[in-house]
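I opened my notebook beside the structure. My plan is to look up a few places and write down what I find.

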Amino acid sequence: MANNVRSIGNRPSAATLDGSHHGVVVIGGGQAGLSMSWWLAERGIDHVVLESQTAGHEWRDRRWDSFCLVTPNWQCRLPGFPYPGDDPDGFMVRDEIEDYLAAFVESFRPPLVEGVRATRLRSADGAFEIRTNGADGSAATLRADQVVVATGPYQIPRTPRMAERLPERIAQLHSSEYRNPDQLPEGAVLVVGTGQSGCQIAEDLHLAGRTVHLATGTAPRVARFYRGRDCVAWLHEMGTYTKGVDEFDDADAVRFRTNHYVTGRDGGRDIDLRRFALEGMVLHGRLTGIAHGMARFGPDLRANLDGADAVAEGIKDAIDAYIADRGIDAPAEERRPPVWEPGPEAEDPAEIDLAGAGITGVVWATGFGRDHRWIELPVFDGRGYPTHARGVTSQPGLYFLGLPWQHTWGSGRFSGVADDAEHLVGQIERVRRAGDTTVADGLHWLAGTPSSTFPEAEHADEDWIAPRTVA
């Protein structure tokens, strides 16, 4: 199959885009867009992939130096291209992830155009119209019968407005900008947020000998290993990663869940914030305010730690039940009590003097948002989230791919994006077989114009806030 795909591939240039018409335009050249291209090529469907920068640039440009996957390498299953290395139970580091994606691209040579950003998507004259700007300053307009938006969830770094009240002497970075401890001036560092990025960056700084203050949140955690196996392996065997979001009582709530924190660093281990506290990391509740050189934290540190532990223990309970139900021979493992407990002062709102604590830098691990203002089609809910059923929107011929929990926990990741892309190519073929790819005009502006209602990002009002995607 791979050889057939490779023969289809080509590399159109940006100059050939203007005035062109394609069966499918895929917007975004990360693992989601590339997976979509693989399936389209495998089915012989005319398409082009537009990437605003370079394929897979997110892994290179928005990850820190010590970054590695938190899921084992064997879960990397891009279509027709499973993990090819010799360490399936290990965790690829940033450069290895980039090499894996580059090898995937080379394996089938997709019709990929890099350095071209989609700036407008609308219906016009019975088709989808995509306007683009090139990195070289060129502009082009192309048309498509069908469109797949695969721009991913990590579009706009979100930093709370309270960041504006930090003293100028304090250096600030969003987690997407953090690379290593040397970026920040000497002194203590406040890390805000305990999702995967926040906990791993806090650990990176801690291991480098920096004094770290960590403002916790409600993110859950999971053990790295339990009863002789990686917890991911147990959960995979139990079907956790393939359970559809429509099987939950509240799909919307599931889609906005924060991922469990754990790490694949140095072969993989738990991230235990309580142990960090024993080693000198200063833990706080949620950051609630900054004023006059002071940072204020909520009284929820104990609840945040207990909540994260409860999720980890609940996962172990589920694994125990699975082992017992199937009579699996697995080593027993003792449950240990917490190694550290916050003092009574954690129950009250705390306030620290940033200068007095020696804090010279802040890392905001406060998540990302979406910017879909360039899409002028009625497919969004009141929170700016695309409404869809497994990526299929109410606008015939328009699809989304790579969203967190698009269909399963693995959606958007190396483990599940291929399945989502295969599902969408089936939908695309169904529309093509029906013989009607006419796009209905679905949006009429009651006042003003699209550009005045939703201004371009570079001219947007500073008070516009990107709807949250992931923590």
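**Entry 1: Trp 234 and its partners**

I started with Trp 234 in this predicted model. Its relative accessible area is 1%. Buried means under 20%, so Trp 234 counts as buried.

Next I looked up Tyr 322. Its relative accessibility is 12%, so Tyr 322 is buried by the same cut-off.

How far apart are the ring centres of Trp 234 and Tyr 322, and at what angle do the planes meet? I noted 6.5 Å centre to centre and 75 degrees between the planes. This aromatic pair is edge-to-face.

Then I checked where the two residues lie. Trp 234 is in helix α6, residues 231-237. Tyr 322 is in helix α9, residues 301-326. They are 88 residues apart, and I wrote down that the pair links distant parts of the chain.

Trp 234 has a charged partner too. The charged end of Arg 229 sits over the ring of Trp 234, 4.5 Å from its centre. I found a similar arrangement elsewhere: the charged end of Lys 243 sits over the ring of Phe 248. There the distance to the ring centre is 4.3 Å.

**Entry 2: more aromatic rings**

I looked up the total next. The structure holds 13 aromatic pairs. One of them is formed by Phe 104 and Phe 108, and it is tilted. I recorded 5.1 Å between the centres and 45 degrees between the planes.

Why are Phe 104 and Phe 108 separated by about one helical turn? They are four residues apart in helix α4, residues 94-108, so about one turn lies between them. Both Phe 104 and Phe 108 are buried.

I also found these two in an aromatic cluster. The cluster includes Trp 59, Trp 64, Phe 67, Phe 81, Tyr 100 and Phe 414 as well.

**Entry 3: Gln 146 and the strands**

I moved on to Gln 146. I found Gln 146 in strand β8, residues 139-149. Is Gln 146 buried or exposed? Its relative accessible area is 0%, so Gln 146 is buried.

What does the side chain of Gln 146 reach? I noted the backbone oxygen of Ile 428, at 3.2 Å. Beyond its close sequence neighbours, Gln 146 has several contacts, among them Gly 23, Val 24, Phe 128, Tyr 399 and Arg 432.

Val 24 stands opposite Gln 146. That led me to strand β1, residues 21-27. Six of the seven residues of β1 are buried. β1 pairs with β8 in the parallel sense, over six bridges.

β1 also runs parallel to strand β2, residues 47-51, and four bridges join them. Here Val 25 stands opposite Val 48. Helix α2, residues 31-42, makes a right-handed β-α-β unit with β1 and β2.

I added one general note: in a regular strand the side chains alternate between the two faces of the sheet.

**Entry 4: His 284**

My last stop was His 284, in strand β15, residues 282-284. Its relative accessible area is 8%, so His 284 is buried.

Which side chain joins that of His 284 in a polar contact of 2.9 Å? I found the side chain of His 213. Setting aside residues up to four places away in sequence, His 284 also touches Leu 214, Ala 215, Thr 216, Phe 297, Leu 301 and Ile 352.

Technical notes: Residues are numbered from 1 along each chain as its sequence is written. This is a predicted model: local features need pLDDT of at least 70, side-chain atom pairs count only at pLDDT 80 or more; totals for chains, interfaces and linings use all residues. Side-chain values use heavy atoms; hydrogens and water are left out. Helices (H or I, at least four residues) and strands (E, at least two) are DSSP runs, numbered from the N terminus. Buried means under 20% relative accessible area, exposed over 50%, partly exposed in between (1.4 Å probe, protein chains only). A polar contact is a pair of N or O atoms within 3.5 Å; within protein, one must be able to donate a hydrogen and the other to accept it, and residues adjacent in sequence count only if both atoms are side-chain atoms. Contact means heavy atoms within 4.5 Å. Rings of Phe, Tyr and Trp (its six-membered ring) pair if their centres lie within 6.5 Å; planes under 30 degrees apart count as stacked, over 60 as edge-to-face and the rest as tilted. A charge sits over a ring if NZ of Lys or CZ of Arg is within 6 Å of the ring centre and within 35 degrees of the ring normal. Two strands pair if DSSP finds at least two bridges between them. A crossover is right-handed if, with the strands pointing away from the viewer, the path from the first strand over the helix to the second runs clockwise.
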